[in-house]
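User: I would like a close look at a single part of this model, namely the site where the ligand sits, followed by whatever can be said with care about selected residues elsewhere in the chain.

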Amino acid sequence: MTCAPRCNSTSLALGLETSCDETSAAVLRGRGEIRSLVTATQDHLHQVFGGVVPEVASRRHLEVITRVVQEALDTAAVGFGDLSLIAVTQGPGLVGSLLVGVSAAKGYSLATGLPLAAVNHLEGHLMSAFLHYPGEEPPAQDLYPTLGLIASGGHSDLVLMQAPGEYRTVGQTRDDAAGEALDKAARLLGLGFPGGPALEKAAQGGNPHAVDFPRPEAGNFDFSFSGLKTALVRHLQEHGTPKSEQEGADLAASYQQAVVDCLIRGLRRAARHYRVRQLLLGGGVSANQVLRRAFAALAADLGVPGACPPLHLCTDNAAMIAAAGFLQASRRGPDALDFDVFSVLALTS
Ligand code: KG4
Ligand code: ZN
């Protein structure tokens, strides 16, 4: 069986995303028109621990997933009979969390006969810039080669796309991901959880050149952020915690700038090397305003469009999973019901 005939510009897909701590469901029309998107965040449950606790996350997914799905269907004013596909995140992510979304998707598929697409979360992040609401244009265009930077809590990947669905990872982090580097710094500075947005807020009004943090090199188009975190630890050992709000803002802004500079340096080198026609940004860290501004400046400098999803589509959401599901199902048909989940999952074509 293949769902290719029903994956056209008017087909509807239900997307499910539970790879970490967001329970999200969406109804998508065609490749990218969002009919509904409902996301239940768990930040309030993990805040007290200073990070995502896997078992707490999967239990919460289990409690809310059916309500989130129903709300997504209701908001789009559709039922299962109107859908052509169910797309769900298969990995990478927290195994217990992924299992909840995948089990729900399999249950819905068995009950309705709808085909399933097991989606790579990273492909979802790349698809975010192709999403839009009815009547709007998507930020990204079909221009290839396109180079995508996925900067999230688990990844800092440079992905070259020669055509829709054709991926080659040309750079990645050798140690911590960009989001992880920001989260760890926020924890060291006592800024709370989630760390990226907390650090961005603390950095407001700070001087990004106040502290001379390193911009570690990792060779080729790879990244390395662990040395940066060590530099912050050393700085705190030598100077103590910031004595004033301004000093704290300077420190946060300098650290944030170093992370952004490393990401942009890698993106610039790879974009030049592969002579790309478009840049894409995706993943939770792409909600960061300093990164977004630097990304836009780089795209302008290179003379290519720089496509960046709106803020609420940068972080984990099910609309991007539905978009990736459509693309994948039209490429290789639906997946059998017996697929597994994976904490590590490479992005392949
Ligand atoms: O893509 P995402 O929602 O989940 C993963 O797939 O990991 O990304 C989460 C990451 C976290 O590290 C979070 O701190 C970071 O994205 N993040 C940000 C911002 N919003 C989320 N980092 C910097 N500035 C932000 N505004
Ligand atoms: Zn993500």
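Analyst: What follows takes the ligand site as its main subject and then turns to the loops, the cis peptide bonds and a few individual residues. The model is a predicted one, and every value below is computed from its atoms.

The ligand site comes first. Ligand 1 is surrounded by 18 residues, and the closest of them are Gly153, Asp183, Gly196, Glu200 and Gly284. Seen by secondary structure, at least two residues of this shell come from each of three helices, namely helix H4 (121-127), helix H5 (178-188) and helix H6 (195-203). Seen by class, the shell consists of eleven polar, four nonpolar and three charged residues, where glycine is counted among the polar ones. As for the space itself, the largest pocket is the one that ligand 1 takes up.

Three contacts made by oxygen atoms of the ligand can be described individually. A polar backbone atom of glycine 153 lies 2.8 Å from an oxygen atom of ligand 1, and a polar backbone atom of valine 285 is found 3.4 Å from an oxygen atom of ligand 1. With aspartate 316 the side chain is involved, since one of its polar atoms is 3.0 Å from an oxygen atom of the ligand. Taken on its own, ligand 1 has 550 Å² of accessible area, of which the protein covers 87%.

Helix H4, already named as a contributor to the shell, offers a path to serine 19. This serine is placed in the loop between S1 and strand S2 (22-29), and its side chain forms a polar contact of 3.4 Å with the side chain of histidine 121. A further polar contact, at 2.6 Å, links the side chain of serine 19 to that of glutamate 17. Serine 19 is classed as buried because its relative accessibility is 3%, and the cut-off for that class is under 20%.

Ahead of strand S1 (12-17), in the segment that precedes it, lies asparagine 8. The side chain of asparagine 8 reaches the backbone nitrogen of threonine 10 at a distance of 3.0 Å. Asparagine 8 has a relative accessible area of 37%, so it is described as partly exposed, a class that lies between the 20% and 50% limits. Although asparagine 8 and serine 330 are separated by 322 residues in sequence, their C-alpha atoms are 8.9 Å apart in space.

Two cis peptide bonds deserve a careful check of the backbone. One joins tyrosine 144 and proline 145, with omega at about 0°, and this proline is located in the loop between H4 and strand S6 (146-151). Another joins phenylalanine 193 and proline 194, with omega at about -5°, and proline 194 belongs to the loop between H5 and H6. These loops therefore connect to helices that were named above, given that H4, H5 and H6 each supply at least two residues of the shell around ligand 1.

Positive phi values provide another backbone detail. Asparagine 220, in the loop between H6 and helix H7 (226-239), has a phi near 50°, which is a positive value in a residue other than glycine. Arginine 275, in the loop between helix H8 (245-273) and strand S9 (278-282), likewise has a positive phi, near 45°. Asparagine 220 counts as exposed because its relative accessibility is 63%, and arginine 275 is exposed as well, because its relative accessible area is 69%; the class begins over 50%.

The elements on either side of the arginine 275 loop supply two buried residues. Within helix H8 lies alanine 252, which counts as buried because its relative accessibility is 0%. The C-alpha atoms of alanine 252 and leucine 189 are separated by 8.4 Å, with these positions 63 residues apart along the chain. Within strand S9 lies leucine 279, and this leucine is likewise buried because its relative accessible area is 0%. Leucine 279 and alanine 296 are 17 residues apart along the chain, and the separation of their C-alpha atoms is 9.3 Å.

Key
Residues numbered from 1 in each chain as written. Chains lettered and ligands numbered in written order. Predicted model: local features only at pLDDT ≥ 70, side-chain atom pairs only at ≥ 80, totals over all residues. Heavy atoms only, no water. Helix = DSSP H or I, 4+ residues; strand = E, 2+ residues; numbered from the N terminus. Buried < 20%, exposed > 50% of the residue type's maximum accessible area, 1.4 Å probe, protein only. Polar contact = N/O pair within 3.5 Å; in protein donor to acceptor, adjacent residues only side chain to side chain. Near = heavy atom within 4 Å. Areas by Shrake-Rupley, 256 points an atom, 1.4 Å probe, with all protein chains shown as cover. 1 Å grid on protein atoms, 1.4 Å probe; cavity = no way out; pocket = protein on both sides within 12 Å on 5 of 7 lines; lining within 4 Å. Sits in = over half its atoms within 2 Å of the grid points.
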